[in-house]
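Hello,

Here is the structure I promised to pass on. Please open it alongside this note, then read on for what turned up.

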Amino acid sequence: MDSTVDRFDTGRFEAGRSRLASLAYRLLGSATDAEDAVQDAFLHWQAADREHIRVPEAWLTKVVTNLCLDRLRSAQARRERTAGAWLPEPLLDGDPMLGPADTFEQRESVSLAVLTLMERLSPVERAVYVLREAFSHSHAEIAEILGISESASQQHLHRARGRVSAGRRRGGQETDPASARRVVEEFLAAATSGRTDRLVALLTDDVTALSDGAGGLSKKLLRYETRERVAAVVRAGFKPTDAKRRFAGGTATIHYAILNGAPAILFVPGGKVAGAVTFDLVDGRIETVRGIAAPDRLVRLNESWRRHDAGEPLIAEW
């Protein structure tokens, strides 16, 4: 093939790489797996008879979607995701892999809450939900991508929406950024002060806390419920000790951040993110707390953090 044509075709693929990566991330919940899927799609693109591909964007969307479905259906993925130790990989605000964010539905579809709820869907339901809600594909287009009928696409979407909605304890809502930051700062102040009453007051009656167990050491997610239990766990977790500092890699700064559209705090020893705590808020109180410290879930977040203007930390030495 003429090198000029080859460079042109490579350029066409690269122009759509971010969109493909955001599609793959929503389908897989993992930035690392999404990058692998997009790279596999590039190899398919290179091997294809590109002169006969009339609409490259549609062709590549179909290839990436089906590569992701293969991953979701694999025995390894089923083991990893049903073992009770899976959380989505968080992404820093502004990461292009977060993809389209013009509508509430698009922003919600990449939230950690919805990415977690999508684990309840079959692979095809998940694909239909993402293609429709996040990328606004018509049912005719979805049917072509997945090799199903339009009526089947509509049925899958109906079931997917129902299961995601049923998994929410309350309807989805967005929080004013300034209010969200204020709640998180109050949470951090209460957690580090040892005043349990202040902490409990910030939690909803049905609050839930999830953790991957101090860096993925636990084989299953640690789950805590009731305001008093969550407050006790948070107080213990936020109390600095020499052992925690050694485990984290040194004395940390604590920063405010936005991850997948939600407020969060990051523990950053030596310029590297060692842990993230994210919050789902409802009516000014905290409904869900997620602690993520497994290194393989923080790779892309760290890459983004190194390029990010962190600003002043909430706590300079922890």
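**The sheet and its helices**

In the hairpin of β5 and β6, two residues sit between the strands, and Asp283 takes a positive phi near 50 degrees. Keep in mind that this is a predicted model.

The two strands of that hairpin run antiparallel, and seven bridges join them. One of the pairs is Asp280 with its bridge partner Thr288 in β6.

Thr288 is also the bridge partner of Thr208. That link belongs to the pairing of β6 (residues 285-292) with β1 (residues 203-211), where the strands run parallel and five bridges join them. Leu210 stands opposite Arg290 in β6.

How buried is β6? Seven of its eight residues are buried, so the strand is largely enclosed by the rest of the structure.

Now the whole sheet. It is open and has six strands, in the order β2-β1-β6-β5-β4-β3, with mixed pairing. The edges are β2 (222-225) and β3 (252-259); each has a single partner strand, so one side of each is left without a neighbour in the sheet. On average, neighbouring strands are turned by 15 degrees against each other, direction ignored.

Two helices are worth a look. Helix α13 (residues 227-238) packs on the sheet and touches β1, β2, β4 (262-269), β5 (275-282) and β6. The direction of α13 makes about 45 degrees with that of β1. Helix α15 (residues 299-306) lies across β3, β4 and β5, and runs at about 80 degrees to β4.

Best wishes

Notes. Residues are numbered from 1 along each chain as its sequence is written. This is a predicted model: local features need pLDDT of at least 70, side-chain atom pairs count only at pLDDT 80 or more; totals for chains, interfaces and linings use all residues. Side-chain values use heavy atoms; hydrogens and water are left out. Two strands pair if DSSP finds at least two bridges between them. Helices (H or I, at least four residues) and strands (E, at least two) are DSSP runs, numbered from the N terminus. Axes are lines fitted to C-alpha atoms, for helices over the stretch in contact, and angles run from 0 to 180 degrees between N-to-C directions. Contact means heavy atoms within 4.5 Å. Buried means under 20% relative accessible area, exposed over 50%, partly exposed in between (1.4 Å probe, protein chains only).
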